[in-house]
Amino acid sequence: MSEEAKNKTRVMIGGREYSIISDEKTDYIQKIAIELDSRIKELKDAYFSLSALDVSTLAALNIMDDYTHAAEELKNIQEEVEGLRRALRDMQLKTTREKDAYDALKKENELLRAKNELLTSKEKKFKKAYNE
């Protein structure tokens, strides 16, 4: 993307103003900056004796922990979805086979009914001719 098409967004993180140039929309940059600032403030309040660098490092560590858990959960969900897709394909194949078997039995049943009608008709003619 060209430099002119990038978005420039001013954000406050940890009491400092930053200018962020990104392909992302300004609203998105603001949203993640607010979240980061909130995490840094929480850590500053909990560990007031830590330096800004230490607080930022803890925030980064917490964010990476969240990210790693989310990535693992996503992987598990993707594996589950793939398993469900395989099960669906298997069920579709089984359903197709069973429908084909049903159609074949239905056709055989129709042929047997026709043969039965023909034999019943011949039987009646035979009985009529034999009884007379």
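This is a short tour of a predicted model, one selection at a time.

**Stop 1: Thr9**

Start by selecting Thr9, which sits in strand S1, the stretch covering residues 7-13. Is Thr9 buried or exposed? Its relative accessibility comes out at 2%, so Thr9 counts as buried; the cut-off for that label is under 20%. Now show side chains and add Thr26: the side chains of Thr9 and Thr26 are joined by a polar contact of 3.4 Å. For the wider surroundings, turn on Tyr18, Ser19, Ile20, Thr26, Ile29 and Gln30, which Thr9 touches once residues up to four places away in sequence are set aside. Keep Ile29 switched on, as you will meet that residue again.

**Stop 2: Ser22**

Next, go to strand S2, residues 16-22, and pick Ser22. With a relative accessible area of 15%, Ser22 is buried because that value is under 20%. Where does its side chain reach? Draw a distance from the side chain of Ser22 to the backbone nitrogen of Glu24 and you should get 2.9 Å. Beyond its neighbours within four places in sequence, Ser22 is in contact with Lys6, Asn7 and Ile29. So that is Ile29 in the contacts of Ser22, and also in those of Thr9.

**Stop 3: the nonpolar core**

Clear the view and select Val11, Ile13, Ile29, Ala33, Ile40, Leu43, Val55 and Ala59: these 8 residues make up the largest nonpolar core. Colour by element and you'll see that S1, helix H1 (26-46) and helix H2 (52-131) each give two or more residues to this core. Which of them has the largest share? That is H1, with 4 residues. As background, nonpolar side chains tend to be buried together in soluble globular proteins.

Stay a moment with Ala59. Leaving out residues up to four places away in sequence, Ala59 touches Leu36, Ile40 and Leu43. Ile40 and Leu43 are listed in the core too.

**Stop 4: the largest pocket**

Switch on a surface and look for the largest pocket, which holds about 180 Å³ of space. To find its lining, select Val11, Ile13, Ile20, Ile29, Ile32, Ala33, Glu35, Leu36, Arg39 and Ile63. Both S1 and H1 supply at least two residues of this lining, and H1 gives the most, with 6. What kinds of residue are they? The lining divides into 8 nonpolar and 2 charged residues, with no polar ones. Some names are familiar from the core, including Val11, Ile13, Ile29 and Ala33.

From the lining, pick out Ile32, a residue of helix H1. Ile32 counts as partly exposed, because its relative accessibility is 39%, a value between the 20% and 50% cut-offs. Try a distance to Ala71 as well: Ile32 and Ala71 are 39 residues apart in sequence, and their C-alpha atoms lie 18 Å apart.

**Stop 5: Asp37**

Still in helix H1, move along to Asp37. Buried or exposed? Asp37 is buried, as its relative accessible area is 10%. Bring up Met12, Ile13, Gly14 and Gly15, which are in contact with Asp37 when neighbours within four places in sequence are left aside. For a distance to try, take the C-alpha atoms of Asp37 and Gly15: they are separated by 8.2 Å, with the two positions 22 residues apart along the chain counted as the sequence separation.

**Stop 6: Glu117**

Finish in helix H2 by selecting Glu117. At 58% relative accessibility, Glu117 counts as exposed, since the cut-off for that label is over 50%. One last distance: Glu117 and Lys128 are 11 residues apart in sequence and 16 Å apart in space, taken from C-alpha to C-alpha.

Definitions and conventions: Residues are numbered from 1 along each chain as its sequence is written. This is a predicted model: local features need pLDDT of at least 70, side-chain atom pairs count only at pLDDT 80 or more; totals for chains, interfaces and linings use all residues. Side-chain values use heavy atoms; hydrogens and water are left out. Buried means under 20% relative accessible area, exposed over 50%, partly exposed in between (1.4 Å probe, protein chains only). A polar contact is a pair of N or O atoms within 3.5 Å; within protein, one must be able to donate a hydrogen and the other to accept it, and residues adjacent in sequence count only if both atoms are side-chain atoms. Contact means heavy atoms within 4.5 Å. A nonpolar core is a set of buried Ala, Val, Leu, Ile, Met, Phe, Trp, Tyr and Cys residues joined through side-chain atoms within 4.5 Å. On a 1 Å grid over the protein atoms alone, a cavity is a set of points where a 1.4 Å probe fits but cannot get out, and a pocket is an open set with protein on both sides within 12 Å along at least five of seven lines; lining residues have an atom within 4 Å of a point. Grid points are joined across faces, edges and corners, and a volume is the space filled by probe spheres set on the points. Ala, Val, Leu, Ile, Met, Phe, Trp, Tyr, Cys and Pro count as nonpolar, Asp, Glu, Lys and Arg as charged, and the others, Gly among them, as polar.
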